[in-house]
Amino acid sequence: MEKFYLTTAIDYVNGAPHIGHAYEKILTDIIARHYTQRCDNVYFLTGTDEHGIKIQKTAAAKGITPKELCDENAQKFKDAWKALDVDYTKFIRTTDEDHEKIVQHIFDKLLKQGDIYKHSYEGLYCQGCECFLNPKDLTEDGLCPDHLKKPEVVKEENYFFKLTKYKDAIIKHIKDHPDFIVPEFRANEVINQLEDIQDISVSRAKSNVEWGIDVLGDDEQSIYVWIDALSNYITALGYDTENPSENFKKYWPANVQVIGKDILKFHSIYWPAFLMALDLPLPKHILAHGWITIDESKMSKSLGNVISPTSVLESFNLEHPDAFRYYMATSAPCGRDGNYSDDDFKEKVNAHLANSMGNLLNRTLSMLVKYFDGEVKPEFKGENPLAKKALGTIQIVKKHFDNFEIAEAGLEITSLVDATNKYVQDTAPWTLAKEEKMTECGQVLVNVLDVMCIIASLIYPYCPNIASDMAKQLSFDLKTKLDDLTADNIKCGKLISKEDIKPVFLRLDSELADKSAKKQ
Ligand code: MSP
């Protein structure tokens, strides 16, 4: 694999990040970190979507300029991703000058080649979706099904993009590439939506929406959010209509674009059509993840249950985000909705990270110190009955990642931890020591520690801090690529002293912090 380019959706900045936004960025970061273990050139893009009527109105209501609102809130997203160890390569803002310039070029090119045309139009506009809705998609009461708000009747002369021209090609692409839309069950939804697709508005009258990128040569129109927002995936790499950068040539097409199920239509219909019009290849996969609910209900400002990701870290006094990352990524299979609840969070991470994985390492190293003063002797090395399962798990995890089954891969790692725990239970090294079967006892411990290196490596994308603490105590190089891992990772000689053994994850036993402290 020569390169791996992956992107997230770019978030609207009319508010602060919540754990739904965080879920997506964590998932993508986990995928990115996994592929750094398989390839040297991973490029991970995220950012913020800053134009449009919603931002304009929110800023006006706060008595500040849209740019001030964007600056303030974009920083909150960056801060949150830092706290969650989301290690992106680039953070793009759609108000970046070079992005704006290239979007103008893209628009101009499509206009000149006849894919964009001017047309007078009356339609139903939903500000929440930032798009015109088809009357047949509204609820019985005439509301937007996603935002439960009445769309506004908008009559304007706009520029339109000839989406209908690309309909057949998109249907063919989806049918010819069953793994283009992940999970596959969503492809049918998209095919149905494509059936009655119409040309789409790609600009708004400046008199109505001022906060947007100007259409070159037309003072009265600004470029409408979706063509602006979607283009970020190529402008960030330095695409330009005339002279695309080396970076762009190296990384495009994206290997995977991670988005929420609510914006699948834009990514699997509009975006492929724009790319086809620009004569560019389509991304290999669009991964549509499910939504995160809180205590089984939809997160919403009106319900007052919107949770910020950093407040979860604070309320549980977590020194790093690993437990939250692990929980979010394994709470539900990728394409399905997941749920966050404080109790479930506490229970799962205590069970998986503290009791099973953390304790296993701690107990094994403690025995090595107790019986052998922390020294690994050459006679402790030999055939490892856990090797087959451990090496097999690497292959299974890789396969899950190739199918973007991030939760399933996480559970596979837990299953290796369980099997290793069972091995310790069955071989009872403490009994072997009591019976003075010291070589056998040492062999069991080293067999476990060899597998712990594999576990550290596999858990790294989910829990980079825990993995690094594990690797340190095992004198194992976490940068080892997955394909270079063997079942023989522990070196002979003194491995560790008593004072250097430290638990990699402490149980969350404290009383749950006042939940209201977490509400935004
Ligand atoms: N700005 C557009 C995306 C443009 S991409 C070219 C947008 N922004 S958003 O802020 O509303 O959503 C950003 C991402 O967060 C989307 O992928 C969306 O699905 C995701 N989520 C928003 N709320 C969510 C949950 N409650 N749960 C999981 N993901 C959620 O759409």
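A polar side-chain atom of His 21 sits 3.3 Å from an oxygen atom of the ligand, which fits the definition of a polar contact (a pair of N or O atoms within 3.5 Å; within protein, one must be able to donate a hydrogen and the other to accept it, and residues adjacent in sequence count only if both atoms are side-chain atoms). The structure is a predicted model, in which local features need pLDDT of at least 70 and side-chain atom pairs count only at pLDDT 80 or more, while totals for chains, interfaces and linings use all residues. Residues are numbered from 1 along each chain as its sequence is written, and side-chain values use heavy atoms, with hydrogens and water left out.

The backbone also takes part around the ligand. A backbone N or O atom of Gly 260 lies 2.9 Å from a ligand oxygen atom, and for Tyr 12 a backbone N or O atom is found 3.0 Å from an oxygen atom of the ligand. The ligand is surrounded by 24 residues, of which Ile 10, Glu 24, Asp 49, Asp 262 and Ile 292 come nearest; a residue is counted here if one of its heavy atoms lies within 4 Å of the molecule.

Turning to the overall layout, the protein divides into domain 1 (4-294) and domain 2 (323-500), with bounds from an automatic or database domain assignment. Taken over C-alpha atoms, the centres of domain 1 and domain 2 are 40 Å apart. Their contact (heavy atoms within 4.5 Å) draws 34 residues from domain 1 and 27 residues from domain 2. The size of an interface is often given as the accessible area lost when the parts come together. For domain 1 and domain 2, about 2800 Å² is buried, with 61% of it on carbon and sulfur atoms; this area is the accessible area (1.4 Å probe) that the two parts lose on being put together, summed over both.

Between domain 1 and domain 2, 20 residue pairs are in polar contact, both residues being at pLDDT 80 or more. On the side of domain 1 that touches domain 2, at least two residues each come from α1 (19-36), β14 (285-289) and β15 (292-294), the helices (H or I, at least four residues) and strands (E, at least two) being DSSP runs numbered from the N terminus. Helix α1 gives the most to this side, with 12 residues. By class, this side of domain 1 holds 20 nonpolar, seven polar and seven charged residues, where Ala, Val, Leu, Ile, Met, Phe, Trp, Tyr, Cys and Pro count as nonpolar, Asp, Glu, Lys and Arg as charged, and the others, Gly among them, as polar.

Four salt bridges cross the interface of domain 1 and domain 2, a salt bridge being a side-chain nitrogen of Lys or Arg within 4 Å of a carboxyl oxygen of Asp or Glu. Arg 38 pairs in a salt bridge with Asp 402, the closest N and O atoms being 3.1 Å apart. The count of salt bridges by this rule comes to 30. Another salt bridge links Glu 246 and Lys 249, with 3.2 Å between the closest N and O atoms. Because Glu 246 and Lys 249 are three residues apart in helix α8 (residues 246-251), about one helical turn separates them.

Some backbone details complete the description. The peptide bond from Trp 252 to Pro 253 is cis, with omega near 5 degrees, and Pro 253 lies in the loop between α8 and β13 (256-260). A cis peptide bond also joins Val 182 and Pro 183, where omega is about -5 degrees.
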